[in-house]
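Subject: Structure for you to look at

Dear colleague,

Here is the structure I promised to pass on, followed by my notes on what turned up in it. Please keep it open beside you as you read.

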Amino acid sequence: MLSGLTRVLATGALLVTVAGCSASIPPPDAAPTPSPAPVTTTAAADAAPTSVVLPYVPDDTAVLTVTDWGRIALQLGIDLSSSLPPTERADFWRRAATETAELSPGVLRPDETTLLGRYGFGAEDVSWEAELFDAAGTRTGLVLAFRDGVDMTQVQKAVRAGVGALAGGQVVDGTIVVVGDLPDPDASWAADPELAQLIGPSANAVYLQRGCVQPAGATPRLQTLDAYSLDFQGGLATARLGVDRDDLFTRLHLGDTVADFTRAFAQGVADPATGRIGYQLIDPVAGAQLALSQELPFASCWP
């Protein structure tokens, strides 16, 4: 579905220690309640980015990806900003692409020279970014949140000048730029309680899809899957498929014999009551690519 997209579960939610894994999946958190209207700057600073972005996602969006550059920089031990020397900035992007599960390439990077030279900010000043896609895999919107301390008057100037990915955007709620249609509150993903159940705490990256994945072959009988998410956080990944599912253990084992999947994910454990599957994330880069290419057996459609 995402043919033009080649680039998701954070700390999981099970009281089960993954065998052979140095980390355990912590207990379930309460499902957050979506805000009925665009959030304030304070909420944006405190809440998980995926929760913050939902009011900016039109109802007809098929896929949402969120990449939290602040958390990725923290994992890599880097105090990220555009004031870093060019070699250190380049090293961050190289390590992020080869060591973590990023779901976006950094949409402002192609125009870094212009943004830094004329407006005094760059891609490293984005705290997190979200990309929106339709059912055909075409990107239909962007949401960027800038870190504290960035001069948003300069960001506004760059938006008005239509620099790169900022073209057609608008600054909302203080530090957020939205590119694309800004939906009414009752016509956004924030108005869908089913999607709110699929959002966990902050993660390095989150992949959230309305719909399911077309399986490569025949599958056992499965319940309908209307939406799912996959969060990436360090060495763990968590899939959320909705509460009270009878098919979660079946879905857990759908990837057992899929070579590409088992190279990225291992030691899966499931909790049907919360609808979550936790994995040890062996290869973050490969795991992110499988999400982007919708090669996730646990999210298979049936029939």
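The buried residues of helix H3 are covered by, among others, strand E1 (63-68), helix H4 (86-99) and strand E2 (126-133), where contact means heavy atoms within 4.5 Å and where helices (H or I, at least four residues) and strands (E, at least two) are DSSP runs, numbered from the N terminus. This is a predicted model, in which local features need pLDDT of at least 70 and side-chain atom pairs count only at pLDDT 80 or more, while totals for chains, interfaces and linings use all residues. Residues are numbered from 1 along each chain as its sequence is written, and side-chain values use heavy atoms, with hydrogens and water left out.

In H3 (residues 69-76), the buried residues are Trp-69, Ile-72, Ala-73 and Leu-76, buried meaning under 20% relative accessible area, exposed over 50%, and partly exposed in between (1.4 Å probe, protein chains only). They cover an arc of only 100 degrees around the axis, which puts them on the same side of H3; the arc is that of the directions from the helix axis to the C-beta atoms. At the N-terminal end of H3, Asp-68 acts as a cap, with a side-chain oxygen 3.1 Å from the backbone nitrogen of Gly-70; a polar contact is a pair of N or O atoms within 3.5 Å, and within protein one must be able to donate a hydrogen and the other to accept it, while residues adjacent in sequence count only if both atoms are side-chain atoms. Just after H3, Gly-77 has a positive phi of about 75 degrees.

Helix H6 (residues 152-161) can be described along similar lines, with Met-152, Gln-154, Val-155, Ala-158 and Val-159 buried. They cover an arc of only 150 degrees around the axis, which puts them on the same side of H6. Their cover includes helix H5 (112-119), strand E3 (139-146), strand E4 (169-172) and strand E5 (176-179), and H6 is followed by Gly-162, whose phi is positive, near 70 degrees.

Which residues does Val-57 touch, not counting those up to four places away in sequence? Val-57, which sits in the loop between helix H2 (49-53) and E1, touches Leu-64, Leu-132, Pro-183, Ala-187, Ser-188 and Trp-189, and Val-57 is buried, with a relative accessible area of 0%. The C-alpha atoms of Val-57 and Glu-131, which are 74 residues apart along the chain, are separated by 9.5 Å.

With best wishes
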